[in-house]
Amino acid sequence: MSLHFHRFDLRLKHTFTIAHDSRDVQPSLIVELRNGPLSGFGEATSNKYYGITLDRMINDLEGIRGLIESGEWTTAEDLWQLAHESLKDNPFAQCALDEAAHDLVAKRAGKPLYRHWNLDASQNPITDYTIGIDSVDNMVRKMQELPWPLYKIKLGTPDDLAIVRALRQHTDAVFRVDANCAWTAETAILYAPDFKALGVEFIEQPLKADDWEGMKRVVRESVLPVIADESCIVESDVERCAGYFHGINIKLTKCGGLTPARRMIDKARQLGLKVMVGCMNETSVGISAIAQLLPLLDYVDMDGTLLITNDPATGVTFDFGRVIYADENGTGANLTRNS
């Protein structure tokens, strides 16, 4: 067993702007676990909001190289537990390692990962395509550039309602809106009826992550479902979201990978919450890992590879929102070039 790192600067097709960030390049780390002729791949992106850099991820994983390469683990869940004490403050690094381990274990078993988990992929949800904050004309051009049945619209401006009204003039696709913590409870409740009339399916993270009193009002008074994102980072957050949101959006990088994500999904189901998994502009490595969870989800936002111009990997592909698995075992991801 050997551990390898691949660093990439992913170029975005358009400047990607949300309520608290704007970027043209997304640094990403791909972790490779080589075992004989097989390699497992996992990924995590850097993130200024959470203070995560590629150097920090590499340094933390180097600190447990001996544990990883010892081979004293047989399942990805085993490795996750062994590594967690050292990586508990760096879930992004733990995510990349965990995805690579799951990929490798399923390849050893000679199966796609979702089949290794005995999941039925016949009713998978389709993915949305994200339209970042921009001028209305540019947002329309982005939709026209990729006609899609389902768009996630990033909001958090003084003109959010006008933006959605304008976009609706150019497509009959279903909309989801994501405020990334930018609104007040009053704004979310006020906008919801108009958004519903405009074909919006749900609102994602309308308020600041710690505004639980505000969310109590929103979940009670909003005519649209509300989904937690920044309020639901790790496993312990799932239970807290019950009664404050109608569902949760799990990010693999934030929670530490596929292993804890599956536990979060199970907990959410017990609490009657809807479940979504989102992405962080990853390559086909990270997006293909997300795809393995599709049979367990109500919603998914896994358009990362559609937003970049220089994907260094292959994996799942898309057909008008439908996710098509690669004809490979594991997650189906493979590097096509090294960093």
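How much space lies in the largest cavity? I looked this up before anything else, bearing in mind that the model is predicted. The largest cavity holds about 110 Å³ of space.

**Entry: cavities**

I asked how many cavities of 30 Å³ or more the count comes to. The count is two.

I then listed what lines the largest cavity. From the earlier part of the chain I noted Leu12, Lys13, His14, Thr15 and Phe16, among others. The lining also includes Tyr129, Thr130, Ile131, Gly132 and Lys142, and further along Asn281 and Leu307. E1 and E4 are the elements that give two or more residues to this lining. E1 gives the most, with five residues. I sorted the lining by class and got five nonpolar, five polar and two charged residues.

The second largest cavity has about 30 Å³ of space. I found Ala76, Leu79, Trp80, Gln94, Leu97, Asp98 and Ala101 around it. Helix H3 (76-87) and H4 each supply at least two of these lining residues. H4 gives the most, with four residues. By class, the lining of the second largest cavity has five nonpolar residues, one polar and one charged.

**Entry: the largest pocket**

I turned to the pockets and took the largest. Its volume is about 510 Å³. I counted 32 residues in its lining. Which of them lie nearest the centre of the pocket? They are Ile18, Asp21, Arg23, Asn47 and Met280.

I checked which strands take part. Strand E1 (2-18), strand E2 (21-35) and strand E5 (150-154) each supply at least two residues of the lining of this pocket. E2 gives the most, with five residues. The class count for the pocket lining is 11 nonpolar, nine polar and 12 charged.

**Entry: the sheet**

E1 and E2 had come up in the pocket lining, and I looked up how they pair. Three strands form an open sheet, ordered E1-E2-E3, with antiparallel pairing. E1 and strand E3 (38-45) stand at the edges with a single partner strand each, so one side of each has no neighbour in the sheet. On average, neighbouring strands of this sheet are turned by 20 degrees against each other, direction ignored.

For the E2 and E3 pair I noted eight bridges in the antiparallel sense. In this part of the sheet I looked up what stands opposite Leu33, and it is Gly40 in E3.

**Entry: salt bridges**

I searched the whole structure and found 24 salt bridges. I wrote up three pairs and one network.

The side chains of Asp103 and Lys107 form a salt bridge at 3.2 Å, N to O. The two residues are separated by about one helical turn because they are four residues apart in helix H4 (residues 91-109). Are they buried or exposed? Asp103 and Lys107 are each buried.

Asp128 and Arg176 form another salt bridge between their side chains, at 3.0 Å, N to O. Asp128 is in the loop between helix H5 (113-116) and strand E4 (129-131), and Arg176 is in strand E6 (residues 174-178), so this pair ties together parts 48 residues apart in sequence. Both Asp128 and Arg176 are buried.

The third pair is Arg220 and Glu221, whose closest N and O atoms are 3.6 Å apart in a salt bridge. I looked up the accessibility of each partner. Arg220 has a relative accessible area of 55% and is therefore exposed, as the cut-off for exposed is over 50%. Glu221, at 37% relative accessibility, counts as partly exposed.

Which residues are linked in a network of salt bridges? I noted Lys152, Lys154, Asp178, Glu204 and Asp301.

**Entry: helix H13**

Last, I checked burial along helix H13 (residues 284-291). Eight of its eight residues are buried, so the helix is largely enclosed by the rest of the structure. For the record, the buried residues of H13 are Ser284, Val285, Gly286, Ile287, Ser288, Ala289, Ile290 and Ala291.

Definitions and conventions. Residues are numbered from 1 along each chain as its sequence is written. This is a predicted model: local features need pLDDT of at least 70, side-chain atom pairs count only at pLDDT 80 or more; totals for chains, interfaces and linings use all residues. Side-chain values use heavy atoms; hydrogens and water are left out. On a 1 Å grid over the protein atoms alone, a cavity is a set of points where a 1.4 Å probe fits but cannot get out, and a pocket is an open set with protein on both sides within 12 Å along at least five of seven lines; lining residues have an atom within 4 Å of a point. Grid points are joined across faces, edges and corners, and a volume is the space filled by probe spheres set on the points. Ala, Val, Leu, Ile, Met, Phe, Trp, Tyr, Cys and Pro count as nonpolar, Asp, Glu, Lys and Arg as charged, and the others, Gly among them, as polar. A salt bridge is a side-chain nitrogen of Lys or Arg within 4 Å of a carboxyl oxygen of Asp or Glu. Buried means under 20% relative accessible area, exposed over 50%, partly exposed in between (1.4 Å probe, protein chains only). Two strands pair if DSSP finds at least two bridges between them. Axes are lines fitted to C-alpha atoms, for helices over the stretch in contact, and angles run from 0 to 180 degrees between N-to-C directions.
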